[in-house]
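Good morning, and thank you for making room on the agenda. I would ask you to keep the structure in view while I speak.

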Amino acid sequence: MIPEIGHFALFLALGLALVQSVLPLYGIARNRADCLAVAAPAAIGQFVMLAVAFVALSFAFYANDFSVTYVAQNSNTELPWFYRLAAVWGAHEGSLLLWMTLLASWSLAVAAASRSLPREVASCVLAVMGAVSVGFLVFTLFTSNPFAREFPAPAEGRDLNPLLQDPGLVIHPPMLYMGYVGFCVAFAFAITALITGRVDSAWTRWTRPWTTAAWVFLTVGVTLGSWWAYNELGWGGWWFWDPVENASFMPWLVGTALIHSLAVTEKRGIFKSWTVLLAITAFALSLLGTFLVRSGVLISVHAFATDPTRGVYILAFFAVVVGGSLLLYAIRAPRFDAGTEPVAALSREGLLLLNNIFLVVAAAGVLLGTLYPILADAMGMGRISVGPPYFNKVFIPLTVPLVVLVGVAAVMAWKRTRAEVLRSRLWAPLLVAIALGVLLPWLALGTNGVVAAAGCVLGGWAIATAFEDVLRRMRGRRVKLPRAVVGMALAHAGVGVFVIGVSLVTAFGAEHDVRLAPGEQASLAGYDFTFKGTRHVEGPNFVSEIGDFIVREDGEQIAELFPEKRRYNASGQTMTESGIDAGIFRDLYVSLGEPLSGEAWSVRIYHRPFVRWIWAGGFLSALGGLIALSDKRYRRRERAAKTVTADTRARVATAEA
Amino acid sequence: MTRTRRRRLLLVGGLFVGLAAAVSLALTAFSENLLYFYQPSEIASGQVPTDTRFRIGGLVEENSVERNSDDLVVRFTLSDCDASVPVRFKGTLPDLFREGQGIVAYGQLEPGGDFVADEVLAKHDENYMSPDVAEAMQDDQGVSCMPTNMQAQR
C-alpha cells in the first residue's frame, strides 16, 4: 500500500510541476498576475508530494518490503537500519528520487524567499525549476520507477553494494546532489534574465547567494567523495581522475568560475552574457554528472542499446534543456547592455577574467578526457581509455597560475590598480610564502625537495595574501569586517591549504607492498610496522578478518592499526577496510591484501604526509562560502527588492503602453 | 600604429600564443595517454606492439594462478575464446580477483610474449563484468564462450 501512495504522490507531483512551469510562463507572456501567483503554491505542493514519495520509499527500505524491486535489489534484512535508509540513493532510481526531492526543496526555499523578489522574477525562476522537475518526473515515472513491484516478493534482498556501506556514503551523495541541483537555481535565474531581458545589479544580488550556497554544497560533496575514496577503496589515493569523480568536478570548476564572474557583474556591470552562459553551463554539467554516474553509460555505452528508452530520453532531455537555453541565449543575450568601458589588465575584473579563462579551459580539458572514450566507443572507433597522466599534465599547468592569481586578486582593486600599490602590499606575503615553502617540509618531515618547496610556496602565497588582506583592512579600525571579505579570505586560504597538502603528499608519500607473516615487520619512512596476526570477527551482515599492526617510531609504540578484510554475506563480495592512524602532519595507512600461504598476508603500507590538508582545504573553502553567504548585504535585500518591484512595475507599464 | 593599437595587437597575439600552447599541450598529453584495449587472441596473433602500455581483458583461467612463496609475484593466464596469454604481476591483487573471473590489466607486452601488468582491476561486484571483457569473450558470431554460470550471473 505505502509504495502505491509514493507512486501516486509522484504523479501528483508531476501534475503540480506542470502547473508550476506552464501557468507562470503564460502569465509573463500575457502579463496576468493571477497566473504568476500560482508558482509559489504549486512549488510548495510539489515539495509536499515529493517528500511523501521519498518517505514512502525510505519506509519500504526500513520495513524490508522486498516486493518493491528496487528495495530487493539494493537492500537486505541484515543491513543495519542507517545503511538501509542510505540505500535509498544507492542506485539509479532512488538517486533520481533524491535529486527531485532536493530540487523541490530548493524550489521551496525560492518560494519562501520570493516575497523579497519581484513577482515576475520569482514566478519565472520557479517556472523554470518546475520545467526541469517535469523532465525528471516523466523520466522517473516512465523509465525508472523506484516503486515498481514484483510478485511473488523475494524472501531476501540482494544487498547494498558493500563499497557503499560506509558513513561517507550516507552523506556524500545528498551533499553532491544539493550542489548539482543548487545550480538549477542559478540556471533558472539565468533563464529568467534572458526572458525578462534584465541583468542588473539587483539580479546579481539575488542570484549570488543561491549560487554560493550551491557551490558550498558541491565543494563539501566533492571533498567528501575524495575522503570516502581514500578510506574505502584501500589504495591510499585521494583522487583517481575516474569518470565518476570528474563528473562532479566539472560543475565545480565552472561553478567556481560563475561565482567570480557574478562578482564582476554585480560590482562593475560587465561580463553579463558571460555570467549567464556560465550559469547555463554549470547546470548542464550538473545534469551530465547526474546522468553519467547513474544511468549506466559509463559502464557501457552498449547498455543503451539493450535498453534504449532511458538513453534516448536522457539525450533528448539534455538536448532540450541545453539546446533550448542556448537558443534562448543566442536570441536574447545580444540585447544585454555590455558596457563600453575597457577592462584594464591590472584590475580586479581583469584578473577575474583570467581566472575564468583558466577555470573554463581546465573544465574543458577534463571534459575531453572524460567523454572521449565514451564517444569513441559509441562511434565504433575502438575501446580506448584516457589515463590519469593526461589529466595531471593538462590540469596542473592550468591551476598553478590560477593559485598565483588568487593571491594577487585579493589585494587588487576594482577598475585599476597601480603597480606600486601591488608591490608594496605583496612583498610581505611573498616572503612569508617563501619562508613557509622552505621551512614547512623541513620542520614537519625533516626533508625537502624542489617540487614540494614550490608547491608550499604556492600554497603559502594563497594563505599569506588572504591574511594580508584581512589584517590590512582591520588595522586601525574598530568596525567589524564585512563577512563577504572574511569568507573570501577563508576560501582562498583553503585553496592554499589544499595546494600544500597535494604537493607534500605527492612529493613525499610512500608505499610498500609486502608479504608479512605474524611476528614479521616492515619499515617505511622511519616507521616500523609489526604484524601480530589476524582474528576472525562476525559483523551484522559480514564476516571479517581483522589484522593487528603495531606501529613504532624510534622503538616507541605510537599506534595500533586494525585493517579488515570483510566478506559480505548476501553478495559474497570481499571488501577492504583500511586501518588508518590520522594526524595533522601524516597518516599511516595499512590495508590487507589477500591471505597467502600459512598465516601470511600480502599487506600494503602507506605513509601519507599532509594528506588531511587536502580535505581541510576543501572544507575551509566551503566554510568561507558559508560565511560569505551570511553577509549582511543579502539580508538587507528585502528593502532593496521592494524599490526594485516598484521600478519593474513602472517598466512593465511603459512596455505595455 | 597608435599606442593603443599596438597594445591591443600584443594582447591578441599573446592570447593566441597562450591558447595555441594550451591546446598543443592538451593534445600531446591526450595522444600520449590514450590506452588501447586488446584481447588475448589479438596478442597471440602478434598484432600488438611490445613497446607501448595498453589494457588487456579476459577471464583468469581456472587453476592458472601461481604465487611465489617469498615475494608478491603472481602469475596467471588470461584467456578469451581462442587464445590465452601468460600474465605476471607484482603487488596486491584487488578484492574481486579470482579464477574464472573477468579482469582488466594495464601493462606492457614483453618480447617473450609475457604480459607484465602494473595494475590489475576487477571492478565493482561479481555480477558485473567489464563490457570490454564481455565483448572479448564473444566469438566471431557474437556468441559468448564464457562458462555458463558466469553468463547466468550477468
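In chain A, A:Gly598 takes a positive phi near 65°. This glycine belongs to the hairpin of strand 10 and strand 11 of chain A, which has five residues between the strands. I should say at once that this is a predicted model, and that every value I quote is computed from it.

Let me stay with this hairpin for a moment. Strand 10 and strand 11 of chain A run antiparallel and are joined by eight bridges. Among the pairs, A:Pro595 has A:Trp601 as its bridge partner in strand 11. Strand 10 of chain A also pairs with strand 9, residues 579-581, again in the antiparallel sense, over three bridges. There, A:Gly579 is matched with A:Val590 of strand 10. Strand 9 and strand 10 of chain A form a hairpin too, with four residues between them. Is strand 10 of chain A mostly covered or mostly open? It is mostly covered, with eight of its 10 residues buried.

I turn now to the contact between the chains. Here 32 residues of chain A meet 24 residues of chain B. On the chain A side, the elements giving two or more residues include helix 14, strand 2, strand 10 and strand 11. Which element supplies the largest share? Helix 15 of chain A does, with five residues. By character, this side of chain A divides into 11 nonpolar, 15 polar and six charged residues.

The two chains also share strand pairing. Strand 1 of chain A and strand 1 of chain B, residues 34-38, pair in the antiparallel sense over three bridges. Within that pairing, B:Leu34 is the bridge partner of A:Val386.

As for the layout of chain A, there is a domain 1, spanning 2-400, and a domain 2, spanning 510-612. Their centres, taken over C-alpha atoms, are separated by 38 Å. The contact between them takes 12 residues from domain 1 and 16 residues from domain 2.

Finally, a word on confidence. The predictor gives the complex an ipTM of 0.77 and a pTM of 0.90. Chain B averages a pLDDT of 78, and 82% of its residues score at least 70. Among the elements of chain B, strand 5 has the highest mean pLDDT, 91, and helix 4 the lowest, 44. Over residues 148-154 of chain B, pLDDT stays under 50, and the model has five contacts beyond four places in sequence for this stretch.

Key:
Residues numbered from 1 in each chain as written. Chains lettered and ligands numbered in written order. Predicted model: local features only at pLDDT ≥ 70, side-chain atom pairs only at ≥ 80, totals over all residues. Contact = placed C-beta atoms within 7 Å. Nonpolar A, V, L, I, M, F, W, Y, C, P; charged D, E, K, R; others polar. Pairing = 2+ DSSP bridges. Domains from an automatic or database assignment. pLDDT = per-residue confidence, 0-100. Buried ≥ 20, exposed ≤ 12 C-beta atoms within 10 Å, placed from the backbone.
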